[in-house]
Amino acid sequence: MRALGRSGIEVSDLGVGCWAIGGPFWLGEQPLGWGEVDDEESVRALRRAVELGVTFFDTADVYGIGHSEEVVGRALRTVRDQVVIATKWGHTFDSATRQLKGNDASPDYLRQAVEGSLRRLGTDRIDLYQLHLGDLPIAQGLELVDTLEELVAVGKIRAYGWSTDFADRATAFATAGAHATAVQHAFSVLEDSQEVLDVCEKLDLASVNRGPLAMGLLTGKYSESSTLGPDDVRGIAPEWLSFFRDGRPAPEWLARVAALREALTADGRTLVQGALGYLWARSGRTVPIPGCRTVAQVEENAGALAYGPLPADAYAEVERIRTTAPS
């Protein structure tokens, strides 16, 4: 267990990311989900995570256009007081068409969005509520702080944060808001984020690690011949997703994974468990949130808890490879 920043909330060292269990959704012709899902297996997977000691679950209202929140609520309702639920807001969407429509960073939409998430999750409070618009101008982000503090005061949320890869935005939110406690940012052994980590250390924030397995590359199950379907965000990868190209894993990233594999698995853990152990070794503030769609995936992810951070010698070797390998 570790502190979720300065909130006083405790979470397991590992969380579960719930993007993939939302099922398909779209921005025009661009897929934004991870393909079709089996809701019954998703529920079993989330409940198995709780059995294995995982207490932190991260979703968003837009994942599956509300469907992920509904599945999370269904799976965790009977253990609600034992878990910490995080979700996000900021995107607007059409439930009937499963289409992303746009963004809304207004205080009025924030009040509307939190009620929708509470309803779908079947809960009376959200433990961590996160702004999902990572590149929103700082001035607009700060206009939301008073409303977020009001939501804390009435008990609808316990703490809040910004899902952003920009250190200046994380700094602004945390400096302005008494109950700002976390930054969710892309971070893995393949994708560094030192500037945001520095903000977390300086301002006593949790580092919630989005993409800790590099969109699946660090599971080790993909090769140059692997293909992803047209309803999978990796199958028709948007510009920001560099790990996949033309529906296949990018060869340069596969080569990087191959170079790191031995160091990440030297003490008997799997590649997945090594990738998570690297993040814990890097900082005591990290809470990686690998995604899942099956019980087996949850079990492998949670198995990393038994190993903990990478040993010092393995960590040093990973850093040597990571910082000297060609980009």
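**Exercise 1. Find how strands E10 and E11 pair in this predicted model, and name a residue pair that stands opposite across them.**

Step 1. Start with strand E10, which covers residues 126–131. Its pairing with E11 is parallel and runs over five bridges.

Step 2. Now look for facing residues. Ile126 stands opposite Ile157, which belongs to E11.

Step 3. Add the helix that lies across this region. Helix H5 (residues 145–153) lies across strand E7 (84–89), E10 and E11. Relative to E11, H5 runs at about 150 degrees.

**Exercise 2. Place E10 and E11 in their sheet, and work out which strands form its edges.**

Step 1. Write down the order: E3-E6-E7-E10-E11-E12-E13-E16. These eight strands make an open sheet with parallel pairing.

Step 2. Look for strands that pair on one side only. They are strand E3 (15–17) and strand E16 (286–288), the edge strands.

Step 3. Finish with the twist, which averages 25 degrees from one strand to the next.

**Exercise 3. Decide whether Glu41 and Arg44 are buried, partly exposed or exposed, and describe how they meet.**

Step 1. Locate the pair. Both residues sit in helix H1 (residues 39–51), and because they are three residues apart, about one helical turn separates them.

Step 2. Check the contact. Their side chains form a salt bridge, with 2.9 Å from N to O.

Step 3. Compare with the cut-off: buried means under 20% relative accessible area. Glu41 has 17%, so Glu41 is buried. Arg44 has 44% and is therefore partly exposed.

**Exercise 4. Trace the salt bridge between Asp165 and Arg210, and say which parts of the chain the pair links.**

Step 1. Begin with the distance: the closest N and O atoms of Asp165 and Arg210 are 2.9 Å apart.

Step 2. Place each partner. Asp165 lies in the loop between strand E11 (157–163) and helix H6 (167–176), whereas Arg210 is in strand E13 (residues 206–210). With their positions 45 residues apart, the pair links distant parts of the chain.

Step 3. Read the accessibility. Asp165 is partly exposed at 40%, and Arg210 is partly exposed at 26%.

**Exercise 5. Is Asp232 buried or exposed, and what about its partner Arg234?**

Step 1. Confirm the partnership: the side chains of Asp232 and Arg234 meet in a salt bridge, 2.9 Å from N to O.

Step 2. Apply the same cut-off. Asp232 has 4% relative accessibility and is buried; Arg234, at 2%, is buried too.

Step 3. Now turn to another group. Asp192, Arg282, Glu319 and Arg322 are joined into one network by salt bridges that share partners. Across the whole structure, a search finds 25 salt bridges.

Key: Residues numbered from 1 in each chain as written. Predicted model: local features only at pLDDT ≥ 70, side-chain atom pairs only at ≥ 80, totals over all residues. Heavy atoms only, no water. Salt bridge = Lys/Arg side-chain N within 4 Å of Asp/Glu carboxyl O. Helix = DSSP H or I, 4+ residues; strand = E, 2+ residues; numbered from the N terminus. Buried < 20%, exposed > 50% of the residue type's maximum accessible area, 1.4 Å probe, protein only. Pairing = 2+ DSSP bridges. Axes fitted to C-alpha atoms, helices over the stretch in contact; angles between N-to-C directions. Contact = heavy atoms within 4.5 Å.
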